[in-house]
Amino acid sequence: MPVHPSSVGKILFTYYPLCLTCMTTILNSLTLIILYQKVFRQRPTIRYMRVIALIDIFILYGWNLDHFFRLKFGFEVDRLTVLSCKLSTYINHFLNQSSAWLRVWMCVDRFCALNHIRQRRINNQHRRVVFFIIFTLIIVALVNLHLPIFACYSLSYNNETKIAGGSLYFRLYPSWSYINLALYNIIPFILMLTFNMLIIRHLILIKKTSSLQQSRIRHTSISMPILLSAFLFCIMTTPPAVIFAFYHKQLQSDIFQNLLLSLLDSIKYTYHSLSFFLYFITLIEFRKEFFRLLHCRFINRNRLSQIINVVTNRRATQYKTTSIPITTITK
């Protein structure tokens, strides 16, 4: 019996968010383990990468996983109760905007490092990075604080109680969608693009003027994943966010059956699972630490099996030497 193309697409869009969530959890957890190794501890920029990897894990457990629940089981977590709607709306906006702005600060930090503006003491560099991370999280939390207070309410429709994501006090959407578009995409996009162009310019100057090969490698290696991450952010998250902000009602019509909305969200959330691959491709130290961890794991397993074999053989030999032959017993 031939399978209809729409059913294949529905199956794909149903299970892809679940697979993406599981894969991102594993890969970003591995990324965190590698970035906490000794070789990365002296680099302040790595602190941004750690926090971003952690936030990207939690992002996929929000609206991304809701696509799986909606298409598979027919419900959404943020539409179960008013409380779940408030918490889901707030946390999802907070995580998405925090991830974007931490990437902006990472580009700014790299640009300052290339300009030698940063302070010389390593402790001050790490403290400043920690300050910007905490400052960003607090500001983003305060900007979205109105969502759990005013957003989401229950209403009766055809003798059924439904949860609406708007507000009873004022018209929240589409005004907030446009503000979120600016905070999550437009402003970070402009800032990332600006600082990325400046970083590329300084890398070209370093390549032309620096006589030390090691200095060029040191500056280029940490700058490459930041550049690629910023450009992919602009490409993979901005178009879906723009379409979602201006054409959300059209995407939820019966013609598209929410599949196009799932496709756009899948493109956006796939970006948050790419950290491991970006660092693995562009960072030599990341690859070395990854293979070192695998090697240690493999060696430890081999040693454990060798110890088990030695102990078993020793016991078997001891049994052979101390056992009494059957012929002596029969005599």
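Helices are DSSP runs of H or I that span at least four residues, and strands are runs of E that span at least two. With that in hand, the stretch from residue 176 to residue 204 is easy to read: this part of the chain is 100% helix and 0% strand, and its end C-alpha atoms lie 41 Å apart. The model described here is a predicted one.

A look at the whole chain helps to place this stretch. The chain contains eleven helices and two strands, and along the sequence these elements follow the order α-α-α-α-α-β-β-α-α-α-α-α-α. Of the 331 residues in the chain, 43% are buried. The chain exposes about 19600 Å², and carbon and sulfur atoms supply 67% of that area. Among contacts between residues at least 6 apart in sequence, 77% join residues at least 24 apart.

The UniProt record, an unreviewed entry, lists residues 176-204 as a "transmembrane region", along with residues 15-36, 48-65, 129-156, 225-247 and 267-286. Residues 129-156 offer a second case to examine: here the chain is 71% helix and 21% strand, with 49 Å between the end C-alpha atoms.

Attention now turns to the interior. The largest nonpolar core has 48 residues, and those with the most contacts inside it are Leu 35, Met 49, Phe 233, Tyr 279 and Phe 286. Helix α3, which covers residues 82-114, gives the most to this core, with twelve residues. A second, separate core is made of eight residues, including Cys 85, Cys 152, Ile 163 and Leu 183. Back in the largest core, Phe 286 is in contact with Thr 31, Ile 34, Leu 35, Phe 40, Phe 276, Tyr 279 and Phe 280, leaving aside its neighbours within four places in sequence.

Glu 289 belongs to helix α10, which runs over residues 284-322. Glu 289 counts as buried because its relative accessibility is 12%, and buried means under 20%. Beyond residues up to four places away in sequence, Glu 289 touches Ile 34, Gln 37, Val 39 and Phe 40.

Val 51 sits in helix α2, which covers residues 45-73. With a relative accessibility of 21%, Val 51 counts as partly exposed. Not counting residues up to four places away in sequence, Val 51 touches Leu 102 and Ile 133. The C-alpha atoms of Val 51 and Leu 32 are separated by 8.7 Å, and the two residues are 19 apart along the chain.

The cysteines complete the picture. A disulfide is a covalent bond between the sulfur atoms of two cysteines. The structure holds one disulfide, and it joins Cys 85 to Cys 152 with an S to S distance of 2.0 Å. The torsion about this S-S bond is about -65°, so the disulfide is left-handed. Because Cys 85 lies in helix α3 and Cys 152 in strand β1 (residues 151-157), the pair ties together parts that are 67 residues apart in sequence. Both partners are buried, Cys 85 with a relative accessible area of 0% and Cys 152 at 6% relative accessibility.

Other cysteines stand outside this bond. Cys 22 is in no disulfide, and its nearest cysteine sulfur, that of Cys 19, is 6.7 Å away. Cys 22 is partly exposed, with a relative accessible area of 43%. Cys 234 is in no disulfide either, and the nearest cysteine sulfur, that of Cys 107, lies 8.4 Å away. At 8% relative accessibility, Cys 234 counts as buried.

Notes
Residues are numbered from 1 along each chain as its sequence is written. This is a predicted model: local features need pLDDT of at least 70, side-chain atom pairs count only at pLDDT 80 or more; totals for chains, interfaces and linings use all residues. Side-chain values use heavy atoms; hydrogens and water are left out. Buried means under 20% relative accessible area, exposed over 50%, partly exposed in between (1.4 Å probe, protein chains only). Contact means heavy atoms within 4.5 Å. Accessible areas come from the Shrake-Rupley method with a 1.4 Å probe; for residues, only the protein chains shown count as cover. A nonpolar core is a set of buried Ala, Val, Leu, Ile, Met, Phe, Trp, Tyr and Cys residues joined through side-chain atoms within 4.5 Å. UniProt positions are given in the numbering used here, feature names are shortened, and annotations may be inferred rather than shown by experiment. A disulfide is a pair of cysteine sulfur atoms within 2.5 Å.
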